[in-house]
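Here are a few notes from my look through this one. Have the structure open while you read.

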Amino acid sequence: MTQFRNLIGGEWVTGVTTVDNINPSDTNEIIGQASHASAQQVADAIAAARHAFPKWSVSNTQLRSDILSNIANELFARKDELGELLAREEGKTRAEAIGEVGRAANIFRFFASEVVRIRGEKMASVRPGIDVEISRDAVGVITIITPWNFPFAIPAWKIAPALAFGNTVVFKPAELTPGSAWALADIISRAGTPPGVFNLVNGVGAEIGDALLDGVDAVTFTGSVRTGRQIVDKAMGRMIRVQAEMGGKNPLVVVDDADLDVAVGCAVDGAFFQAGQRCTASSRLIVTEGIHDRFVNAVKERLGKLVIDNALKAGTQIGPVVDKRQLDQDMRYMDIGIKEGAQTPIKGELLKRATPGYYLSPTLFTETTNQMQINREEIFGPVASVIRVRDYEEAISVANDTPFGLSAGICTTSQKYARHFRMHAEAGLTMLNLATAGLDYHVPFGGRKASSYGVREQGTYAIEFYTIVKTSYLSV
């Protein structure tokens with residue numbers, strides 16, 4: 001039985017408890033065992049990162065670039081193998097998983113280049129005989145907490161810039177995907193990273209969450225709104241830098257002039273693929289009166305043809321839900337929607353396949369209102385609601401009537417509507433004739449309102465979180 005241990009100060013360390021890592025496509029298979037760290041071991045990891053920071057923070061930029069390139073190269077070389085591991089423990093299809101590992105590799109490769117492009121400024125002082133230089137310093141020890149739905153990509157877009165800009169890291173992955181985290185940590189540890197610069201600790205947030213924030217200089221988190229708010233509050237109490245990417249209740253607006261095939265493709269991809277387990281999923285389909293019935297019928301037809309099966313099986317388009325707790329949550333919201341009066345032209349059902357797993361077919365709610373609970377709270381499953389509206393003006397109003405503001409899309413052939421939507425959608429990401437889920441690795445990512453707190457992630461914008469601006473005066 002493979003044991004996914006903790007990496008502390010360059011050594012692989014056994015934790016205090018072990019938890020089975022179960023394949024959601026075949027619950028008879030135990031992939032390995034996660035070795036959960038104690039609060040004291042978390043403190044040891046933070047101490048190791050603190051000890052390594054002074055030397056690493058001023059290390060040669062070419063050294064850091066080479067290390068990140070080594071990580072990228074191994075991820076690329078092993079993307080099929082690692083993609084299969086990811087598909088087994090998370091449930092996304094093999095093709096999606098391989099693509100995610102490739103994306104993680106591209107992120108490390110991108111920041112391998114950014115290391116040697118760190119810029120400063122030199123300015124004239126208003127006082128004679130004085131020069132002013134503006135540079136960037138590393139922040140320090142950074143705690144990185146990531147979710148299970150993208151267990152290679154999201155850690156990559158946090159770890160890569162943290163290391164690139166001279167910080168040391170304590171990484172706490174999601175409990176459901178310890179194998180992917182262990183594989184990534186193993187690659188990082190063998191890429192030339194000095195001991196203590198990168199540390200991995202497994203565990204449950206409720207048990208080691210406080211320890212992860214003690215004695216660090218910053219924390220970056222992706223996960224639920226409830227946990228994110230708790231982390232922000234604790235970080236602010238400790239006066240440390242904090243970044244939180246949280247939930248979404250993302251609208252896809254479909255107006256009368258939309259290309260029906262394009263709109264249906266955007267809706268089905270954005271709302272249901274990866275079992276709807278994406279924070280950018282299109283969970284609210286806001287459709288104008290003139291196209292509503294044709295759109296619903298076309299989506300219903302498309303959903304009926306989807307292949308839901310084992311994540312590793314050829315031809316599978318959607319794998320299982322990640323675990324029983326998530327499955328129960330999806331089923332609970334299905335009941336809530338029905339009690340609220342929503343119609344279900346497609347109602348999710350538990351499916352039996354050759355191997356026992358958490359297989360759930362999609363649910364499409366219709367005749368819903370934006371005030372229903374199913375349209376206010378993030379479900380994080382293969383569930384979407386159609387909201388009928390009169391026209392574009394009502395559609396944009398409904399789209400913005402949400403506590404969230406991560407991603408928003410519109411399907412239209414009108415430049416007028418497209419331009420207005422881009423300018424007025426209250427979201428960090430807007431999509432035109434594209435699914436609300438789907439991101440490039442080299443551009444900024446983040447939302448507004450309850451979806452995000454702090455500066456943007458990814459791309460050149462990542463430098464804002466992982467560095468501190470320093471202004472130096474020099475008498476010449």
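1. Start at Leu75. Leaving aside residues up to four places away in sequence, Leu75 touches Leu82, Val101, Ala104, Ala105, Phe108, Phe152, Leu184 and Ile187. Bear in mind that this is a predicted model.

2. Where does Leu75 sit in the bigger picture? Leu75 and Phe108 are the residues with the most contacts inside the largest nonpolar core, which has 65 residues. That fits the usual trend: in soluble globular proteins, nonpolar side chains tend to be buried together.

3. There's also a second core, separate from that one, with 33 residues. Among them are Leu306, Val321, Tyr359 and Cys411.

4. Now the sheet. Seven strands form an open sheet in the order 15-16-17-14-13-19-20, and the pairing is mixed. Strand 15 (343-346) and strand 20 (429-432) are at the edges with a single partner strand each, so each has one side without a neighbour in the sheet. On average, neighbouring strands here are turned by 20° against each other, direction ignored.

5. Take a look at how strand 20 is held: strand 19 (residues 407-411) pairs with strand 20 in the parallel sense, over four bridges. Ala408 stands opposite Thr430 of strand 20.

6. Two helices to check against the sheet. Helix 9 (residues 260-272) packs on it, touching strand 13 (251-254), strand 14 (284-288), strand 16 (363-368), strand 17 (383-389) and strand 19. The direction of helix 9 makes about 170° with that of strand 13. Helix 12 (residues 392-400) also packs on the sheet, with contacts to strand 13, strand 14, strand 17 and strand 19; the direction of helix 12 makes about 165° with that of strand 14.

How values were computed: Residues numbered from 1 in each chain as written. Predicted model: local features only at pLDDT ≥ 70, side-chain atom pairs only at ≥ 80, totals over all residues. Heavy atoms only, no water. Core = buried A, V, L, I, M, F, W, Y, C linked by side-chain atoms within 4.5 Å. Buried < 20%, exposed > 50% of the residue type's maximum accessible area, 1.4 Å probe, protein only. Contact = heavy atoms within 4.5 Å. Pairing = 2+ DSSP bridges. Axes fitted to C-alpha atoms, helices over the stretch in contact; angles between N-to-C directions.
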